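Visitor: Could we go through the side-chain packing of this model together, one point at a time?

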Amino acid sequence: MVTEKPVKNMNKNKNKTSGVYKTAAKVLKKVKTGSSYKTQLYQAQYPNKLLLNAVLMNVFKWERVIDVLVEKSKILEKENMDRELVYILITEMMWSKFGLVGSAKNLLAVKKYKAEFLQIMKDNDLEKLTTSTHTKVLIPRFFRVNTLLTTIEKILEKLSNLKFIKLKTPKSYAQFLELIKSEKFEEKNVFVQDIHIKELLVFNSKVKFYEIEEYKNGSLIVQDKASCLAAYLLNPEPNSTVLDMCAAPGMKTSHLAAIMQNTGKLYAVDRNKERFHIMQNMLQTYGVQNVETFNMDALTFPYYDDVKYILLDPSCSGSGIVNRVRNDSLGQNQNFQTRLKKLANVHAQLLNHALKSYPNLERLVYSTCSANHEENEAVVDEALSINGKFKLLDCTKMVKGWTNKGAPGYDSSEMCLNAIPSVDCTNGFFISVFVRRDLEDNEVAKKEENIDDTENVKEEKVVEDIEVDEEEEDVGDIEVDEEKKVIEYNEIVNKKVKKVKKQSISNSDINVKNKSEIKKNKKLKNIKVEKVFEDNEIVDKKVKKVKKSSITNMDNNLEKKSQIIKNKNIESTPLVKSKNAKRRERRLKLEKANKSSGLQTTKAKKQKKVKVEQT
């Protein structure tokens, strides 16, 4: 009795297929009918999303080989099983590290085909098919430091305590890629700070931090670098208004909040109810405080006039994510092509709506994790042809050293950025940056004006310096010239005075004509002296002092010499003058005639006194 009970329990367990296999089969079925893989993964009713994702990734990897195995073995007809579940079980049995775990009927039914599957693979050389169609790319693991809850310094200190070694970040992007691809980076205890995004730390792909406190409390966030580039290139200013149109699950939204320093307004919109609730919980964990969440379609979101930045990262095929690329993404599945057209139409509708509906929009980033041109460059080209007010910025110039541009053959190819897993060591990603034309032109004009102003200021300073130097030289030249003029003038005057002196001495007996000529000469000399004074007014103070002293000395000499000449002339001229003699005769006649009357004589005396005073 006691021993039979556990046997019954074991028999019950035999009929139960593992929960992860059933859940993975449901997700696979919905994805094949056109649903978004990311959406179905988050909506799946299974707690361990990492394990579920790993199982599905393995199925996508071997899907083409499984197609041949199922067709050759005819397992679906023989066992009457669900196709998607068979694909999951075959993958786990043939290529999983742990094998097909369990003893349920479905599991046992698939296990008996293992030898047949191996023979089919050998006969059809399917190993070559897998190696030629799928190249496994090992990309490093990226952890973003959530600066809303902690700092880079604190995280680096924590890693140091965990005995991690921080390598020096190279100066160029090419050297950075060489480092993370080198053997040095294969060690688990090394990491490096990203060359572009300083809050992003790069580790070996095998490193896991799921048990440390910083990961659990949201201080460290697992986020691929390509995904971080979207918010990095949008680069919203603090205290601005930002709209994340397809925000769930909230990784990029939290990065935007960190760039904005938890200031301004951040609108996060997503129409999927389950993903929306996941986003709300995630943003709360990450310490985002400036966000308003809306569970609605972005096309019906109210037109906020103050929206300045928009991030549009819609749900896509996900064909750029490493190890998710499937045969249907290569165009061999008709259902996938139909889904791809629908996705491209939705993307174009969202992008055109964003560019037209927000009047104060300055910058928009459109990004996808797809490698399909229909979702990327084709959508951007259509948006540019309709919305002439916007143009593209060169993304590869904004991310220093990045070389991979858009796919050739499109108008927007040279301005877009592509992340290629095998080259850039990230997931496949596409980014384009739209900017308003008039805003960009104004910024360029302002920069040019600032450059012109600085150049003009420099030129003015140089001109002023040159003018000052020239003025100093001119003043020095003027001082020298004026001193020379004064000296020359003194020499000329002295010569003329000597000549005049000689002439006056030699011509002492000459008549009045000679005297008048001497007076004219003196007037001419005085006029010349006045002209010299007028010219000398420009001269510096020092020069004026010299000039005044020389001129005063010259005037004194002239006065003395002129007095000497006058005295000699007076001595040489006769005492009797015609006018004075006549006056004296008139006075004598008047005195004789008026001797009789005393009044008249007094009057005459008064007149005489007045005349004498006048003379």
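Visitor: Which residues form one aromatic cluster?

Guide: This is a predicted model, in which local features need pLDDT of at least 70 and side-chain atom pairs count only at pLDDT 80 or more, while totals for chains, interfaces and linings use all residues. Residues are numbered from 1 along each chain as its sequence is written, and side-chain values use heavy atoms, with hydrogens and water left out. Rings of Phe, Tyr and Trp (its six-membered ring) pair if their centres lie within 6.5 Å, with planes under 30 degrees apart counted as stacked, over 60 as edge-to-face and the rest as tilted. One aromatic cluster is formed by Phe 143, Phe 164, Phe 191, Phe 203 and Phe 209.

Visitor: How are the rings of Phe 203 and Phe 209 paired, stacked or edge-to-face?

Guide: Both Phe 203 and Phe 209 are buried, where buried means under 20% relative accessible area, exposed over 50% and partly exposed in between, with a 1.4 Å probe and protein chains only. Their ring centres are 5.1 Å apart and their planes stand at 85°, so the pair is edge-to-face.

Visitor: And the rings of Tyr 173 and Phe 176, stacked or edge-to-face?

Guide: Tyr 173 and Phe 176 are three residues apart, about one turn, in helix 12 (residues 173-181), helices being DSSP runs of H or I with at least four residues, numbered from the N terminus. Both residues are buried. Because their ring centres are 6.4 Å apart and their planes lie at 20°, the pair is stacked.

Visitor: Which helix gives the most to the largest nonpolar core?

Guide: A nonpolar core is a set of buried Ala, Val, Leu, Ile, Met, Phe, Trp, Tyr and Cys residues joined through side-chain atoms within 4.5 Å. The largest has 57 residues, and Phe 176 is one of those that touch the most other members, along with Ile 180, Val 192, Val 365 and Ile 431. With seven residues, the one that gives the most to this core is helix 14 (residues 225-234).

Visitor: How many disulfides are there?

Guide: A disulfide is a pair of cysteine sulfur atoms within 2.5 Å. Cys 416 is buried, with a relative accessible area of 0%, but its sulfur is 6.2 Å from the closest cysteine sulfur, in Cys 395, which is too far for a bond. By this rule, the number of disulfides is zero.

Visitor: What is the relative accessible area of His 347?

Guide: His 347 lies in helix 17 (residues 334-357). Its contacts (heavy atoms within 4.5 Å) include Pro 314, Tyr 366 and Glu 375. His 347 is buried, and its relative accessible area is 1%.

Notes. Helix = DSSP H or I, 4+ residues; strand = E, 2+ residues; numbered from the N terminus. Lists of a residue's contacts leave out its neighbours within four places in sequence.
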